[in-house]
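I am opening a page for this structure and will note what I look up in it, one topic at a time.

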Amino acid sequence: MTELWEYISGLEIPDLILCAAAVLILDLFAISVIFAANRESRLCQKRWEKVSSGVALRFQDASYPLSADEILLGRHISADIRLADPSVSRYHAVMTVTGGIWSITDLGSKSGTFVNERQVQHAKLIPGDVIRLGSVQLTVTDHTGQSQPRRTRSKPSQPKKATVKKPQTRRPQQKGGTKRV
Amino acid sequence: MYKNGLSYAGVVSLLLLTHLSMLGIVLVRGNYEEPKDLAMLACAVLGLDLVGIIASLCYRQMTYTLDLMLLGILNMSLIFQSCFGGVHLSVKFLITCVASLISCELGFLLTRNHEWIRHQKKYIYLVIGILILCILLFTGGRSMWITFKGFSIQPSEFIKPCYILICAASIVELHKKIKVTFFYVSPDTLCMLGATLVIFGLQWWCRDLGSLPTFAAVFGCAVVCRFCYPRAKISKSWIAAAAVAGVLVLIAAWKLAPAYVQERLHVDIWADQYGTGYQQCQALIGIARGGWLGMGPGQGSLHNVFAYESDIVFSTICEEWGLLYAGIAVLIVLIMLTTVLMNPPKSYYHATMTAGIVAAFVAQMSLNIFGSCNLIPFTGVTLPFISQGGSSLVTCGFMVGMLKAGQSPLFRHQAAKLREDAAAELPSLPKIPFLQKKDAPKKPSGNAPQRSHTHRNDKNRRGNA
């Protein structure tokens, strides 16, 4: 400490004040940038919700916001929404968004992908649609968490819900609900 | 911008204050012969600040922090570079700063649309091929520099963003695989691996082993992103094979490295202070001489050492401005890279691109700073944004533009087309398809176009409603 004090006292005062002020301003600049970037990220998140139409997937009681432009549904550990059910293929289907419209594409799964109980290879999705992968049933909802039940049509045979484990990778209703790189 | 105005106003004010405080230090502690030199420098710095800020304000976008940080760092570098060996405005560096800011906007506009860039891959490969041909034909031997009428450019710097782009653009095609002998492989990945081998081979042949770790870092990020990409369906055995191959390549590179590289790996700079270790010894002495607060702008002596403004620029700044200020300047660059992580990209393309750029910058900064401090072998790469060099600065600007593209991507590019399709499919339906569909007529008009499979599904679903 004594050496440090000797060093500081050996400096000319204007030099020390100037350097300290410059370093302080540079630090403040860095902090203000971090603050602004944080605000920006919130705005970008809102923009993303507009782009992706605020669509989420509801599975049992949990809701999974779709926070990337490409969401893999499957049993594999790397899937964005993991459905640990034997009837679901490892890479079952992928959801993509373009121009605010979400669509689902089957990735050659064994048990097929069904939208409102019709088997599809590729289909556009709207809130209220019911997706069935194997025996797992997911509902497309909007940002308010509301699905539109009148969109679901003819009563299909009831899928097996009891065998489905809860998806393991995400927490429901959180900002980072789906995995992003 | 306008929703976040108060924050940006604070950043802009502090940006101007930062540069004014630096100019104040030059005024009080600087080594200048005439006040005119300092006045010219101040005019250039503040002028560039104002022009940059006004230009940013005129261009509406989602993120401005990267623009403002780039402007701040470039102007800091302009002050650093203008003070080496005495205060005088470095006009050459000022021009490259302007070119860097322009290339930033160019990079942003060119790379924000991942659908568009996916279809331009062949042109990116073409650009890389042309750059490699230029290096082979015009550099005059095993060198990376092309000298033309006093100007020197380094084409290998321009390969970096192109390489990052092909790594990013090829990731979304990973699920399209073809069978080659016994394996299913993605053609895009094969092309990317081919380009990697050619670029690495070129670096090896040109003895530019300083850039090799930078490209290796980008490649490593691209590989990791591929492992994380679910549609790639990469199995654990492939990951293990890739890890083993990586280790084998490292061992082979270690063993097969040329003699001069082997020497550099084990050099004792203090044993040969006036020979091979001269630059590093002087760089370390410069850092020690500068101390915490430096000797004052233009008061140092490292400007007599070769590559003081590029390869050992960190030491030169430490000597004149002090370790504290140099450290914070580097920290500002790192903060610029970390702000990107606060708003994670929304697509795998942008994520791969962002990861590659951050890896390239971090690798290059580590090589420069740790090399100057004798913590790792001295490689002679530039310090991004701070070292002098037109090719390097323009490339850095372009890469910041790519980072900005990851923050402000274009996802609505096909919205108009989709609306037209939707309107053709459901004539009474206007702009927002899913919100309006519930009021749609159940049958489309008779002159509706030929329906695709998707349209059939939609029709069936409507029919069931």
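**Bridge partners in chain A**

I began with A:Ser103 and looked up its partner in β9(A), which turns out to be A:Lys124. The model I am reading is predicted, and I keep that in mind for every entry below. A:Ser103 sits in a pairing between strand β6 (residues 101–106) of chain A and β9(A), which is antiparallel and runs over three bridges. Also in this pairing, A:Thr105 stands opposite A:His122 in β9(A).

I then turned to the pairing of β6(A) with strand β5 (residues 93–98) of chain A, and found six bridges, again in the antiparallel sense. Here A:Val94 has A:Thr105 in β6(A) as its bridge partner. A:Thr105 is thus noted twice on this page, as the partner of A:Val94 and as the residue opposite A:His122.

Putting these strands into their sheet, I read the order β4-β3-β5-β6-β9 in chain A, an open sheet of five strands with mixed pairing. Which strands stand at the edges? I find β4 (81–82) and β9 (122–124) of chain A there, and because each has a single partner strand, one side of each is left without a neighbour in the sheet.

**Chain A as a whole, and how far to trust it**

For chain A I count two helices and 11 strands, and along the sequence both helices precede the strands, in the pattern α-α-β-β-β-β-β-β-β-β-β-β-β. Of the 181 residues in chain A, 43% are buried, and among contacts between residues at least 6 apart in sequence, 45% join residues at least 24 apart.

I checked the confidence before going further: the mean pLDDT of chain A is 75, and 71% of its residues reach 70 or more. Over residues 149–181 of chain A, however, pLDDT stays under 50, although the model has 67 contacts beyond four places in sequence for this stretch. Where pLDDT is low, the predicted coordinates should not be read in detail, and I therefore take nothing further from such coordinates in this notebook.

**Chain B and helix α13**

In chain B I count 19 helices and four strands. Of its 465 residues, 46% count as buried, and residues 24 or more positions apart account for 71% of the contacts with a separation of 6 or more.

I next asked how many residues of helix α13 (residues 313–321) of chain B are buried. The result is nine of its nine residues, so by the burial cut-off of 20 or more other C-beta atoms within 10 Å the helix is mostly covered. Among the buried residues of α13(B) are B:Ser315, B:Thr316, B:Glu319 and B:Glu320, together with B:Phe314 and B:Trp321. What covers the buried residues includes α3 (65–83), α12 (278–290), α14 (323–342) and α15 (348–372) of chain B.

After α13(B) comes B:Gly322, with a positive phi near 100°. I looked at how α13(B) and α14(B) pack, and found an angle of about 135° with their axes 7 Å apart; the two helices are therefore oblique to each other. On the α13(B) side the contact involves B:Phe314, B:Ile317, B:Cys318 and B:Trp321, which meet B:Leu323, B:Tyr325, B:Ala326 and B:Ala329 in α14(B).

**Two positive phi angles outside glycine**

B:Ala307 is not a glycine, yet its phi is positive, about 60°; I place it in the loop between α12 and α13 of chain B. B:Phe385, also not a glycine, has a positive phi of about 75° and is found in the loop between α15 and α16 (390–407) of chain B.

Are these residues buried or partly exposed? B:Ala307 counts as partly exposed because it has 15 C-beta neighbours inside 10 Å, whereas B:Phe385, with 26 inside 10 Å, counts as buried.

**Nonpolar cores**

The largest nonpolar core has 122 residues, of which B:Leu70, B:Ile73, B:Ile79, B:Tyr163, B:Ile164, B:Val218 and B:Ile357 touch the most other members. The element that gives the most to this core is α15(B), with 14 residues. I followed B:Ile357 and, leaving aside residues up to four places away in sequence, found that it touches B:Ile164, B:Met399, B:Met402 and B:Leu403.

Apart from this core I note another, of 34 residues, among them A:Leu66, A:Ile71, A:Val115 and A:Leu133.

Methods: Residues are numbered from 1 along each chain as its sequence is written. Chains are lettered from A and ligands numbered from 1 in the order in which they are written. This is a predicted model: local features need pLDDT of at least 70, side-chain atom pairs count only at pLDDT 80 or more; totals for chains, interfaces and linings use all residues. Two strands pair if DSSP finds at least two bridges between them. pLDDT is the predictor's confidence in each residue, from 0 to 100. Two residues are in contact if their C-beta atoms, placed from the backbone, lie within 7 Å. A residue is buried if 20 or more other C-beta atoms lie within 10 Å of its own, exposed if 12 or fewer, and partly exposed in between; C-beta atoms are placed from the backbone. A nonpolar core is a set of buried Ala, Val, Leu, Ile, Met, Phe, Trp, Tyr and Cys residues joined through C-beta atoms within 7 Å. Axes are lines fitted to C-alpha atoms, for helices over the stretch in contact, and angles run from 0 to 180 degrees between N-to-C directions. Angles under 35 degrees count as roughly parallel, over 145 as roughly antiparallel, 65 to 115 as roughly perpendicular and the rest as oblique.
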